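Hi everyone, and thanks for coming. I'd like to walk you through a structure that may be new to you, so please have a look at it with me.

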Amino acid sequence: MSTAAAYAVSSPEGPFEKVAVERRELGPHDVLIDVKYAGICHSDIHTARDEWGGTRYPCVPGHEIAGIVAAVGSEVVRHRVGDRVGVGCMVDSCGKCAPCLAGEEQYCVPGATMTYNSPVPETAQAGGYTLGGYSTQVVVTEGFVVSIPEGIGLDVAAPLLCAGVTLFSPLRHWNAGPGKKVAIIGMGGLGHIGVKIAAAMGAEVTVLSQSLSKQEDGKKFGAAHYYATGDRQTFKDLRGRFDLILNTVSADLPIDSYLKLLALDGTLVILGLPEKPLEAKPFTLAGYRRSLAGSMIGGVAQTQAMLDFCAEHGIGAEIEVISADRIDEAYDRVIASDVRYRFVIDAATM
């Protein structure tokens, strides 16, 4: 057993407080990571505040982890002490079902073990669940540890471990590239990375945002076009335009209106998770053979491919680095959309 400093919340309304957590002893296939940076994802907020239900307390969030290998188990072959590494949303899976064998561990049939708040009965942690990356150290089996190339700073790489692969995965799956017209709904923590990646893939990128307040940034990140969805004329001007639309926001949008922006055989992919069911008219889908789909993060191999791609193209998240004692403030600012574009915790301040 080892002890690490961490920041935990003990109730939906409670503030984050510094605590000591126990990390399991290094097994033969385990990697001990000194956390350097941990990104703040909106999912962290939903979980910490029990907005999705089922949160186990005390809760240590954090699934955008970038750090340095401190020690390895006796049979570890992929990583060495001193390596720059990352951990995303998962720390284990069954490894036997069809999705796992296909490298799509995020769709593990029995259910992947998530980086935090996921039941793991055999752990020594109180209550038997995982504790995440808002911590100075984590222990993760080597198969769920990825390498962060030298071309990316650890601070700007951290959000890529969730936000980056969440966008990279559908862009790859639906073949974004030269000749394809891609729209990104929302220019927040997810959307701004999607713009960068889609543009680097060679697609013609359009941002669909509530207003034009971030238009300059969008163009800087690689968007060819930028439209305000608060202007109803936008939905008339862009009807039948796009091959692929990625919805990165969690707001309850009039999804049928966005479906009408798809060209023949176009697909709208849901990435953000709104509270209410989506309403799509069958005729809207049938009329142009349109598809409404969803996508969730990416497997370990695809996460590595995303990091390699981002390093090759000089892509990192736009971040504001904060100290650990400002997590509550950062959460409130995320809710208020007062960040451009991701908060990252400096683990040295823990």
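Let me start with a small puzzle: which residue in strand 13 is the bridge partner of Ile 184? Keep that in mind for a moment while I set the scene.

What you see is a predicted model. The chain holds eleven helices and 17 strands. Its radius of gyration is 20 Å, close to the 20 Å that the globule rule gives for 350 residues, so the chain is as compact as a globular protein of that length. If you draw a box around the C-alpha atoms along the principal axes, you get roughly 60 × 40 × 35 Å.

Now, back to the puzzle. The answer is Leu 246, which is the bridge partner of Ile 184. The two strands involved are strand 10, residues 181-185, and strand 13, residues 242-247; they run parallel and are joined by four bridges.

Let's zoom out to the sheet around them. Six strands form an open sheet with parallel pairing, in the order 12-11-10-13-14-15. Which strands stand at the edges? They are strand 12, at 225-228, and strand 15, at 291-294; each has a single partner strand, so one side of each is left without a neighbour in the sheet. On average, and ignoring direction, neighbouring strands here are turned by 20° against each other. As a quick reminder, strands of a sheet pair through backbone hydrogen bonds, either parallel or antiparallel.

Next, please find helix 4. This helix lies across strand 10, strand 13 and strand 14, the last of these covering 262-270, and helix 4 runs at about 160° to strand 13.

Helix 4 also has a helical partner. Helix 4, residues 163-173, packs with helix 5, residues 191-200, at an angle of about 45°, and their axes are 9 Å apart. That angle is why we call helix 4 oblique to helix 5. Their crossing is right-handed.

And who meets whom there? From helix 4 we have Ala 163, Gly 164, Leu 167, Phe 168 and Leu 171, and they meet Ile 193, Gly 194, Ile 197 and Ala 198 of helix 5. Sorted by class, this contact has seven nonpolar residues, two polar ones and no charged ones.

Let's move to an earlier part of the chain, where we find antiparallel pairing. Strand 3, residues 30-39, and strand 4, residues 65-72, run antiparallel and are joined by seven bridges. One pair to look for is Ala 38 opposite Ile 65. Strand 4 also pairs with strand 5, residues 84-87, in the antiparallel sense over four bridges. There, Ala 66 of strand 4 stands opposite Gly 86.

Before I finish, a few backbone details in the loops. Where are the cis peptide bonds I'd like to show you? One joins Tyr 57 and Pro 58, with omega about 0°. Pro 58 sits in the loop between helix 1, at 42-48, and strand 4. Another joins Arg 340 and Tyr 341, where omega is about 5°. Tyr 341 has its place in the loop between helix 11, at 327-335, and strand 17, at 342-346.

Finally, have a look at Asn 117, whose phi is near 65°, a positive value in a residue other than glycine. You'll find Asn 117 in the loop between strand 7, at 113-114, and strand 8, at 137-141.

Thanks for listening, everyone!

Notes. Residues are numbered from 1 along each chain as its sequence is written. This is a predicted model: local features need pLDDT of at least 70, side-chain atom pairs count only at pLDDT 80 or more; totals for chains, interfaces and linings use all residues. Side-chain values use heavy atoms; hydrogens and water are left out. Axes are lines fitted to C-alpha atoms, for helices over the stretch in contact, and angles run from 0 to 180 degrees between N-to-C directions. Angles under 35 degrees count as roughly parallel, over 145 as roughly antiparallel, 65 to 115 as roughly perpendicular and the rest as oblique. A crossing is left-handed if the near helix is turned anticlockwise from the far one by less than a right angle, and right-handed if clockwise. Contact means heavy atoms within 4.5 Å. Ala, Val, Leu, Ile, Met, Phe, Trp, Tyr, Cys and Pro count as nonpolar, Asp, Glu, Lys and Arg as charged, and the others, Gly among them, as polar. Two strands pair if DSSP finds at least two bridges between them. The radius of gyration is taken over C-alpha atoms; the globule rule is 2.2 Å times the number of residues to the power 0.38.
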